[in-house]
Amino acid sequence: MAIAAAKLLPAAAAVSKGRSLSSPCSVSYSTLYRLSSSSSSSPSSAALQLDSLTFVVSSKFRNPSSLRICSAASSSSMRIQAPPEITSPASFLERKESGILHFVKYQGLGNDFILVDNRDSHEPRITPEQAVKLCDRNFGIGADGVIFAMPGINGTDYTMRIFNSDGSEPEMCGNGIRCFARFIAELENLQGKQSFTIHTGAGLIVPEIQEDGQVRVDMGEPILKASDVPTKLQPNKGQSVVKSKLEVDGVSWNVTCVSMGNPHCVTFGTEVSKNLQVDELDLAEIGPKFEHHVTFPARTNTEFVQVFSPTHLKMRVWERGAGATLACGTGACAVVVAAVLEGHAGRSCTVDLPGGPLEIEWREENNHIYMTGPAEVVFYGSVPL
């Protein structure tokens, strides 16, 4: 169970010094608080102690997306205030206040993003430096990146831009595009099956919200030409780099290079150990050495893959600009492409990521890759800039 506080939409009762508050409370302090329930917690409630104020959460609010607790702290006291009248999430996001950023936090398999309604401008509402602060998990909201929903260009419905947690701007993000699609449906109050055309730095992307809420995304064609990935590794299969040798920190790895509009280096093992056990990797140690390797002029995302069967793969990822994350949609797509090219798997696979599975299909008839997976609201909030 997760409890979040950040001037969020309310949905819980609070108890302060033994006095029940019948009306919901709202948060006007931007720091995010989380509480994980433990075996010692009461089966019917969980409590979060903030100085002298205790929030008691009924078990009926176990779904994090339904729980919004707000609180303002001063040096001497806590203050509970009634929330403003908000009839819907969309109306909440339409509020315009100088110096205040309204947002929705989404996650796709644990890859989490701050979504900002930027449909009135082609310029992001915040700077990369501000994005770094907002993504900080100790002093900010906490996220892998900030995504902006912007007006479409070149005939598309919308444009998506994203700042990573380090302030860099990637071309695209697979988990992010699923969150983007759900965000647009919420902003436009759309129900049921929906499809959008999205302009990204990686080109045209077409996500489709399914009846069950999952999002299937036509990710387009993989890019295999070495100079376009880009990588300085010499092509060894036509113009592509497939199961080539890459020396990293004195170890020779077998790598295949794929771009999904952003660069990926995929490895199934080293020359010595071909059956990679991904859970045994020290990702924080090896990941940055791949990302900043001289053979990748634009840096690279790196996927370490374990093969269970021709239809079942497991990966861990070190993302360029974000580090170790729980999921990477473009990475999962690149993994299936690399698995097919190296002869490890077929064109339709379940790819297990730390945050959960994605279904990936590389269709032979049109060379397009399709990714299907979830995207869910975490909470709504506002933060001073």
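No disulfides were found in the predicted model: the count comes to 0. Cys179 takes part in none, and the nearest cysteine sulfur, that of Cys173, lies 7.7 Å away. A disulfide was assigned to sulfur pairs within 2.5 Å. For Cys333, the closest cysteine sulfur belongs to Cys328 at 8.7 Å, which is too far for a bond. Both cysteines are covered by the protein. Cys179 is buried, with a relative accessible area of 0%, and Cys333 also counts as buried, at 0% relative accessibility.

Helix 3 was examined next. This helix comprises residues 174-187, and 13 of its 14 residues are buried, so that helix 3 is mostly covered. Its length was compared with the value expected at 1.5 Å a residue. For 14 residues the span should be 20 Å, and the C-alpha atoms at the two ends of helix 3 are 20 Å apart, in agreement with that value. After helix 3 comes Asn189, with a positive phi near 55 degrees.

The largest nonpolar core contains 58 residues, and Met315 and Ile360 have the most contacts inside it. Because domain 1 (99-219) and domain 2 (226-372) both contribute residues to this core, it lies between them. A second core, separate from this one, has 19 residues, among them Val241, Leu276, Phe290 and Phe304.

The surroundings of Met315 were listed without its neighbours within four places in sequence. On the N-terminal side in sequence, Met315 is in contact with Glu303, Phe304 and Val305. Its further contacts are Cys328, Gly331, Ala332 and Val335, together with Val351, Asp352, Leu353 and Pro354. Phe304, one of these contacts, is included in the second core. Cys328, also in contact with Met315, carries the sulfur closest to that of Cys333 among the cysteines.

At the level of the whole chain, the protein has 5 helices and 24 strands. Of its 385 residues, 51% count as buried. Among contacts with a separation of 6 or more, 62% are accounted for by residues 24 or more positions apart. The accessible surface of the protein chain comes to about 16300 Å², and carbon and sulfur atoms make up 49% of this area.

Notes
Residues are numbered from 1 along each chain as its sequence is written. This is a predicted model: local features need pLDDT of at least 70, side-chain atom pairs count only at pLDDT 80 or more; totals for chains, interfaces and linings use all residues. Side-chain values use heavy atoms; hydrogens and water are left out. A nonpolar core is a set of buried Ala, Val, Leu, Ile, Met, Phe, Trp, Tyr and Cys residues joined through side-chain atoms within 4.5 Å. Buried means under 20% relative accessible area, exposed over 50%, partly exposed in between (1.4 Å probe, protein chains only). Domain bounds come from an automatic or database domain assignment. Contact means heavy atoms within 4.5 Å. Helices (H or I, at least four residues) and strands (E, at least two) are DSSP runs, numbered from the N terminus. The expected span of a helix is 1.5 Å times one less than its number of residues. Accessible areas come from the Shrake-Rupley method with a 1.4 Å probe; for residues, only the protein chains shown count as cover.
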